[in-house]
Amino acid sequence: MNDLHNGQQADAFTTALHGPAPEVKVTKDMVRRGLIVAPLLIVVCGFIWGMHGAYSSAYGIALVLINFALAAALVATTARISLGLMMGAVLFGYLIRLGLILLAVLLVKNSGWISLPALGATIIVSHLGLLVWEMKYVALSLAYPGLKPARP
Amino acid sequence: MEAFAHLVATAADDKATAAASSAGFAYGLAAIGPGIGIGYLVGKSVEAMARQPEAAGMVRTTMFLGIAFTEALALIGFVVFILIGL
């Protein structure tokens, strides 16, 4: 991991990244977009699975957005301490977040208002949809930094 | 007749148990691949950031999106689990 670069010794275990955290910015964008498309998803799920589908869809969107926010907070916090800690936090954070999602679903699985197909469909569609939407913006920003595509 | 009903109920219980454990096993398997992927992705990103700290912002942005995309695979496995196993 150690490497000489510009005469300095770079070490992942002691290097800390200060300054603005891009993950937080990306996540704020995704949460904003998620809140924009949430009513549409809820209406679609409500149309297909009824009121239970609408409630489950809202719950699924909340799960996805909280998952993104937790991941961003974890990376942003640990990157200020050291890159090695960030790596460990991302790996264990992945397991912890999966466990939290499982716990969140287990808590409501016997509730009267839950519709598991609606919840599952919402989780996959909103997670992938928000990522693809954000990736389009990030790719444009990286390819053409001067253009700064407009935010929604 | 009672013994037959008991046998049918036991078979149904066995089937439900088998379905639940298979779904749990599948979820565990589905989480392994993304775990390896995230480890590789973050390891390489950390290496890149340690070598070139001035590009850390770009690397972190793409790393975060990569983590989220890789995690989508685990979420798909999770959704299959909740649809079959719960």
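**Helices, rings and a buried serine**

Hi everyone! Let's start where two chains meet: helix H1 of chain A, residues 22-79, and helix H2 of chain B, residues 56-84, have axes that come within 11 Å and cross at roughly 145°. Please keep in mind that this is a predicted model. As for handedness, the crossing of H1(A) and H2(B) is right-handed.

Which residues of H1(A) and H2(B) make the contact? On the H1(A) side they include A:Pro22, A:Val26 and A:Met30, and further along the helix A:Phe68, A:Ala72 and A:Ala79. On the H2(B) side you will find, among them, B:Gly57, B:Arg60, B:Phe64, B:Leu65 and B:Glu71. Sorted by class, this contact has 13 nonpolar residues, four polar ones and three charged ones.

Now to the rings. How many aromatic pairs does the structure hold over all chains? There are four, and I'd like to show you two of them.

One is the pair of B:Tyr27 and B:Phe81, which is stacked, with 5.3 Å from centre to centre and 15° between the planes. Where do these two residues sit? B:Tyr27 belongs to helix H1 of chain B, residues 2-51, while B:Phe81 belongs to helix H2 of chain B, so their pairing ties together parts that are 54 residues apart in sequence. Are they buried or exposed? B:Tyr27 has a relative accessible area of 12%, so B:Tyr27 is buried, the cut-off being under 20%. B:Phe81 is buried too, with a relative accessible area of 12%.

The other pair is B:Phe78 with B:Phe81, and this one is tilted: 6.4 Å centre to centre, with 40° between the planes. Here the partners are three residues apart in helix H2 of chain B, so about one helical turn separates B:Phe78 from B:Phe81. Both of these phenylalanines are buried. Put the pairs together and you get a cluster, in which ring pairs link B:Tyr27, B:Phe78 and B:Phe81.

Last stop, back in chain A. Find the loop between helix H2 (83-108) and helix H3 (116-143) of chain A, and look for A:Ser115 in it. Is A:Ser115 buried or exposed? Its relative accessible area is 11%, so A:Ser115 counts as buried. And what is A:Ser115 in contact with, once we leave aside its neighbours within four places in sequence? The answer is A:Trp49, A:His52, A:Gly53 and A:Ser56. Try finding those four on the screen. Thanks for listening!

How values were computed
Residues are numbered from 1 along each chain as its sequence is written. Chains are lettered from A and ligands numbered from 1 in the order in which they are written. This is a predicted model: local features need pLDDT of at least 70, side-chain atom pairs count only at pLDDT 80 or more; totals for chains, interfaces and linings use all residues. Side-chain values use heavy atoms; hydrogens and water are left out. Axes are lines fitted to C-alpha atoms, for helices over the stretch in contact, and angles run from 0 to 180 degrees between N-to-C directions. Helices (H or I, at least four residues) and strands (E, at least two) are DSSP runs, numbered from the N terminus. A crossing is left-handed if the near helix is turned anticlockwise from the far one by less than a right angle, and right-handed if clockwise. Contact means heavy atoms within 4.5 Å. Ala, Val, Leu, Ile, Met, Phe, Trp, Tyr, Cys and Pro count as nonpolar, Asp, Glu, Lys and Arg as charged, and the others, Gly among them, as polar. Rings of Phe, Tyr and Trp (its six-membered ring) pair if their centres lie within 6.5 Å; planes under 30 degrees apart count as stacked, over 60 as edge-to-face and the rest as tilted. Buried means under 20% relative accessible area, exposed over 50%, partly exposed in between (1.4 Å probe, protein chains only).
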